[in-house]
Amino acid sequence: MMSYEIRSPLSGVLGGVELLQRSQLAERQRQMVEIIHRSTSALTGVLNDVLDFSKIEAGALVPAPESVDLAALLASI
């Protein structure tokens with residue numbers, strides 16, 4: 001399935017960045033790694049949305065309720 005072909009490399013990048021965040025870094029390096037982490041997380045969200053739209057068009061999307069911390073979401077914007 002195409003979603004795994006796209007998600008697997010992106011998950012690898014995200015996992016590597018998260019491991020790098022746990023290492024000892026200079027402040028400037030830590031800031032750059034945080035930017036990479038936020039960008040990769042955002043890209044993962046975009047990818048998930050695109051794949052969901054593909055499922056919607058194919059009539060295969062099954063909605064699932066999910067709780068959201070609205071205050072945290074708004075603070076991150």
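Let me begin with Lys55, which is partly exposed, with a relative accessible area of 39%, and I should say at once that what we are looking at is a predicted model. Lys55 is found in helix H2, and if we set aside the neighbours within four places in sequence, the residues in contact with Lys55 are Ala60 and Leu61. You may also want to look towards Glu18, since the C-alpha atoms of Lys55 and Glu18 are separated by 29 Å, with the two positions 37 residues apart along the chain.

Staying with helix H2, which covers residues 27-58, let us turn to Thr40, which lies in that helix. Is Thr40 buried or exposed? Thr40 has a relative accessible area of 8%, and because buried means under 20%, Thr40 counts as buried. And which residues is Thr40 in contact with, once neighbours within four places in sequence are left aside? They are Leu10, Val13 and Leu14.

Now please follow the chain to Val68, whose place is in the loop between H2 and helix H3, the latter covering residues 70-76. At 55% relative accessibility, Val68 is exposed, because the cut-off for that word is over 50%. Val68 also belongs to a nonpolar surface patch of about 550 Å², which Val68 makes together with Leu70, Leu73, Leu74 and Ile77.

To bring the three residues together, then, Thr40 is buried, Lys55 is partly exposed, and Val68 is exposed.

Technical notes: Residues numbered from 1 in each chain as written. Predicted model: local features only at pLDDT ≥ 70, side-chain atom pairs only at ≥ 80, totals over all residues. Heavy atoms only, no water. Helix = DSSP H or I, 4+ residues; strand = E, 2+ residues; numbered from the N terminus. Buried < 20%, exposed > 50% of the residue type's maximum accessible area, 1.4 Å probe, protein only. Contact = heavy atoms within 4.5 Å. Patch = residues over 30% accessible without salt bridge, like charges linked within 9 Å, V, L, I, M, F, W, Y side chains within 5 Å. Areas by Shrake-Rupley, 256 points an atom, 1.4 Å probe, with all protein chains shown as cover. Salt bridge = Lys/Arg side-chain N within 4 Å of Asp/Glu carboxyl O.
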